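Open the model in your viewer and keep the selection tool at hand. The tour goes stop by stop, saying what to select and what is there.

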Amino acid sequence: MMAFLVSAMLPTRVFAINASDRYRSPRNPERKIRSSTELIVLHTTEAAEHGSLVKLCDRGEAHFCVTEEGRVYRIVDRDREAFHAGRSMWNGREDVDKFSIGIECVGYHDKPMPMAQIEAIKTLVKELQSMYRLSDDKVVCHSHVAYGAPNRWHRQKHRGRKRCGMLFAMPSVRAQLGLKKRPAYDADVRAKRLVVGDDYLRKVLYGNIDTMKSSYKDKSRSADDKTGIFSWLKWRGSETKAPAKSATKTTAAKPAAKTAAKTATAAKPKATLHSVTPPQTKQELIMRGYKIKGSVSKDTTAAKIAGPKWNSPDTYYTIRDKVIPGNKIDPAHIEKGMFIWMR
Ligand SMILES: [Zn+2]
């Protein structure tokens, strides 16, 4: 009797996500109902909140969008297809939009996000995982599934068209999201359906590159930094300063020997890659012997200017006051007017 009462009182599962419909897309009625849901694909908008929401809504390019303050917007109804993954393949199946949910997160593929946003993404992903019975390794980022058509640098279809959402493959970020597993390998590369087009990205997705470690390393620290705003501000501050050794200062309270040992091990991997901090300003580029090789325009692509070294860590892109090394640049965000520096 009791069991009957309880089940009679419980309606079919209620969608618990607290999401706003303010940017619900007018494209909804024209989108097909999705026949299956096998992946959750995380994206980064690579742009500020307002413009991102307007564009996503207008084009119906995601199911949800999560802002830096942790607000969730519903864009396309979750049972319909949203156009979020573009040219994509996973496990031999093309057009990932047909079997996935897409979540856009306001922010950048290589920058930490505030804890309020991480918490909101975590809640949303958990809810969707339980709704569609998806294990942790079914939560992927756009760069896992996007692929590029053959071009002058890659004669074959290749993984690495985008670095979108790349941080969500990093262990430190996944730990914050409560995700215990990630895809262990790229089945499409293994089966030779695709080749690797971006080796740095491959190491992020499947190897041990984790550039978010210092932002998210200590979960207990969030006791006095609930919003994560301090680590976020620290990152923002580090954009203008050389990030080099400031981190060791904050651990001054620890015994000196321990700190020294820590610094030594922490510095090790860096030293093998670049023995010095990469240049942060145009002045530093000039001082280190870099010269402008050209500027990106409508018919002058980065590949035309820099050749196969367009994504080398020794090639730099500048625009306004930003200096971006080639191995950090997202090909989708190489803008007109960017200068390319080489030596
Ligand atoms: Zn994306």
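Start with Phe64, bearing in mind that this is a predicted model. Setting aside residues within four places in sequence, Phe64 is in contact with Ala19, Val72, Tyr73, Arg74, Ile75, Ile103 and Leu124. Phe64 belongs to the largest nonpolar core, a set of 52 residues. Add Ile40, Val41, Cys65, Val66, Ile75 and Ile103 to the selection: together with Phe64, these have the most contacts inside that core.

Next, colour the elements that build this core. At least two residues each come from strand 2, helix 2 (49-59), strand 3, strand 5 (89-90), strand 7, helix 3, strand 8 and helix 7 (199-206). Which of them gives the most? Helix 3 does, with seven residues.

**Helix 3**

Select residues 115-132. Helix 3 has 18 residues and reaches 25 Å from its first C-alpha to its last, close to the 26 Å expected at 1.5 Å a residue. Show the side chains of Met115, Gln117, Ile118, Ala120, Ile121, Leu124, Val125 and Leu128, which are buried in helix 3. Among the elements covering them are strand 2 (39-44), strand 3 (64-66), strand 4 (72-74), strand 7 (100-105), strand 8 (139-141) and helix 5 (171-176). Then step just past the end of the helix to Arg133, where phi is positive, at about 55°.

**Helix 7**

Select residues 199-206 and look down the axis. Leu201, Val204 and Leu205 are buried here. These buried residues of helix 7 fall within an arc of 95°, so they line one face of the helix. An α-helix has 3.6 residues a turn, so residues three or four places apart point the same way. The buried residues of helix 7 pack against helix 4 (142-145). Turn to the face away from the buried side to find Asp199 and Lys203, which are exposed.

**A three-stranded sheet**

Now select strands 9, 10 and 11. They form an open sheet in the order 9-10-11, with mixed pairing. Strand 9 (147-148) and strand 11 (195-196) are the edges; each has a single partner strand, so one side of each lacks a neighbour in the sheet. Strand 9 runs antiparallel to strand 10 (residues 158-159), and two bridges join them. To check the register, pick Tyr147: its bridge partner in strand 10 is Arg159.

**The other core and strand 15**

Apart from the largest core lies another, of 14 residues, including Leu285, Trp310, Ile329 and Trp341. Use Trp341 as the way into strand 15, where it is the bridge partner of Tyr316. Strand 13 (residues 316-319) pairs with strand 15 in the antiparallel sense over three bridges. Strand 12 also runs antiparallel to strand 15 (residues 339-342), joined to it by four bridges. Along that pairing, Gly294 stands opposite Ile340.

**Val296**

For the last stop, follow strand 12 (291-295) into the loop leading to helix 13 (302-306), where Val296 sits. Is Val296 buried or exposed? Val296 counts as buried because it has 20 C-beta neighbours inside 10 Å. Beyond residues within four places in sequence, its contacts are Thr301, Ala302, Ile334, Glu335, Lys336, Gly337, Met338 and Ile340. Finish with a distance label from Val296 to Ile334: 38 residues separate them in sequence, and their C-alpha atoms are 7.9 Å apart.

How values were computed. Residues numbered from 1 in each chain as written. Predicted model: local features only at pLDDT ≥ 70, side-chain atom pairs only at ≥ 80, totals over all residues. Buried ≥ 20, exposed ≤ 12 C-beta atoms within 10 Å, placed from the backbone. Contact = placed C-beta atoms within 7 Å. Pairing = 2+ DSSP bridges. Expected span 1.5 Å × (residues − 1). Core = buried A, V, L, I, M, F, W, Y, C linked by C-beta atoms within 7 Å. Arc of directions from axis to C-beta.
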